[in-house]
Amino acid sequence: MPALLCLSLKKARRLALTAQAFTARRPCALVTPARINRLIERLGILQIDSVNALVRSHYLPLFSRLGNYSSDLLDQAAWSSGRRRTLFEYWGHEASLLPLSMYPLLRWRMQRARRGEDIYQQLARFGREQQGTIHRVLAAVEEQGALAAGSLSTRQERAGPWWDWSAEKHALEWLFAAGEVTVAGRRGFERLYDLPERVIPSAILAQPLLTEADAQRGLLLHAATALGIGTEKDLRDYFRLNPGDARARLAELVEAGALLRCEVQGWRQPAFCLPDAKSPRKVEASALLSPFDSLIWERSRTERLFDFRYRLEIYTPQDKRVYGYYVLPFLHNERIAARVDLRAERAAGRLVVHAVHEEVPGLDGEGMRALALNLRQLADWLGLAQVQLNCQRESAGRLRVALVRIEGD
């Protein structure tokens with residue numbers, strides 16, 4: 001099939017940045033629950049990650065786009081009760097927070113999980129072999145309400161690494177994947193599980209069950225809206241669809257005119273975008289990005305869009321790390337212009353910069369000032385009084401000067 005559009009790489013970047021809401025930050029604007037909900041509806045998903053070296057990852061994408069906001073508002077949207085709750089947890093792009101409006105689009109995935117499909121093999125095997133434990137755990141949730149896995153565990157030895165779960169934890173995770181329980185809240189970072197009818201609004205649960213094809217088309221359209229432009233792999237990765245499903249649904253969406261097939265300068269694979277996709281003539285945005293931000297979580301797309309190779313080095317031995325432990329890319333004026341290794345030392349009230357690495361051709365004076373301002377705003381948002389530079393590189397020297405100037409303004 002011939003390409004219908006040919007786009008420059010700059011145009012593709014602007015489509016992506018606009019779709020990902022990097023034109024949303026308005027200085028001094030009050031960040032209300034409504035603004036947060038609109039942004040999450042637009043993105044469709046926030047990936048959850050447990051690493052807390054700076055702040056848990058699901059809080060950062062909102063800060064990157066909106067600036068200073070109260071993280072309590074996200075907590076309320078995710079884990080409160082009543083009308084303030086607008087999000088739910090499920091396997092979207094890994095463990096994720098999603099708008100309640102997307103719950104019907106994921107029920108087919110829950111049905112597949114019940115059949116032992118599209119979930120981790122170990123969990124699928126547990127579902128086949130341990131139905132007695134699963135029924136016992138579900139009965140406990142029905143009777144007692146929101147429960148943590150630890151309160152149900154019958155094992156005597158201490159739990160070990162990721163998959164060294166108790167039988168009860170396995171049962172809860174199988175029930176969660178199958179949609180038989182959902183996350184009612186969190187205690188610290190520990191999930192509390194309850195029945196969906198006690199958490200998800202009845203109007204959502206009462207909606208007719210979508211066919212797999214309809215739901216998958218809906219997810220791909222949402223991915224295209226959130227990404228602006230992407231290859232088949234980019235679009236299916238957003239909600240982790242399998243390749244066969246994604247290819248079939250994309251062909252149907254193109255045939256129906258809901259998506260346009262296009263070519264992007266330098267991309268080997270064809271891309272897809274919405275027929276009415278628009279972008280400004282330029283995007284002036286500066287932001288520190290979570291490693292799990294939806295703009296960059298598909299690493300091959302990040303390389304194609306920004307010529308920026310990014311790998312998280314948390315699990316790399318310290319002596320083999322290139323850039324640092326918890327490194328945030330710095331977006332500035334349509335480029336990912338630098339990467340910064342950051343840590344929040346909460347007890348000391350410090351945001352510590354362990355390393356600054358500029359990307360070629362580097363940051364000019366305005367760009368370095370923008371980085372300094374973002375670091376100062378990040379520290380303020382986290383309630384940290386000081387930005388401390390522990391890096392001896394030339395970039396850090398220029399950043400130190402920029403920070404001093406900002407502090408003096």
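## Exercises on a predicted model

In this predicted model, strand E10 and strand E11 (residues 327-332) are antiparallel partners, joined over three bridges.

**Exercise 1.** Place E10 within its sheet: state which strands form the sheet, in what order, and which strands are at the edges.

*Solution.*
- Step 1. The sheet is open and has five strands, in the order E10-E11-E12-E13-E14. Its pairing is mixed.
- Step 2. Strand E10 (286-288) and strand E14 (386-389) are the edge strands, each pairing on one side only.
- Step 3. On average, and with direction ignored, neighbouring strands of this sheet are turned by 30 degrees against each other.
- Step 4. At residue level, Leu288 stands opposite Phe330 in E11.
- Step 5. At the other edge, helix H15 (residues 394-408) lies across strand E13 (350-358) and E14. The helix runs at about 155 degrees to E14.

**Exercise 2.** Describe the open sheet of three strands and find which helix lies across E2, E3 and E4.

*Solution.*
- Step 1. The strand order is E2-E4-E3, and the pairing is antiparallel.
- Step 2. The edges are strand E2 (46-47) and strand E3 (87-92), each of which pairs on one side only.
- Step 3. E3 and strand E4 (residues 94-99) run antiparallel and are joined by six bridges.
- Step 4. Gly92 has Glu94 in E4 as its bridge partner.
- Step 5. Helix H4 (residues 71-79) lies across E2, E3 and E4, at about 75 degrees to E3.

**Exercise 3.** Decide how many disulfides the model contains, and state whether Cys262 and Cys273 are buried or exposed.

*Solution.*
- Step 1. The test is a pair of cysteine sulfur atoms within 2.5 Å. By this rule the count is zero disulfides.
- Step 2. For Cys262, the nearest cysteine sulfur belongs to Cys273 and is 4.2 Å away, and Cys262 is in no disulfide.
- Step 3. Starting from Cys273, the nearest cysteine sulfur is that of Cys262, at 4.2 Å, and Cys273 is likewise in no disulfide.
- Step 4. Buried means under 20% relative accessible area. Cys262 has 0% relative accessibility and therefore counts as buried.
- Step 5. Cys273 has 2% relative accessibility, so Cys273 also counts as buried.

**Exercise 4.** Assess the confidence of the model: give the mean pLDDT of the protein chain, and say where pLDDT stays under 50.

*Solution.*
- Step 1. The protein chain has a mean pLDDT of 93, and 95% of its residues reach 70 or more.
- Step 2. Over residues 156-163, pLDDT stays under 50.
- Step 3. For residues 156-163 the model has five contacts beyond four places in sequence.

Note on methods. Residues numbered from 1 in each chain as written. Predicted model: local features only at pLDDT ≥ 70, side-chain atom pairs only at ≥ 80, totals over all residues. Heavy atoms only, no water. Buried < 20%, exposed > 50% of the residue type's maximum accessible area, 1.4 Å probe, protein only. Pairing = 2+ DSSP bridges. Helix = DSSP H or I, 4+ residues; strand = E, 2+ residues; numbered from the N terminus. Axes fitted to C-alpha atoms, helices over the stretch in contact; angles between N-to-C directions. Contact = heavy atoms within 4.5 Å. pLDDT = per-residue confidence, 0-100.
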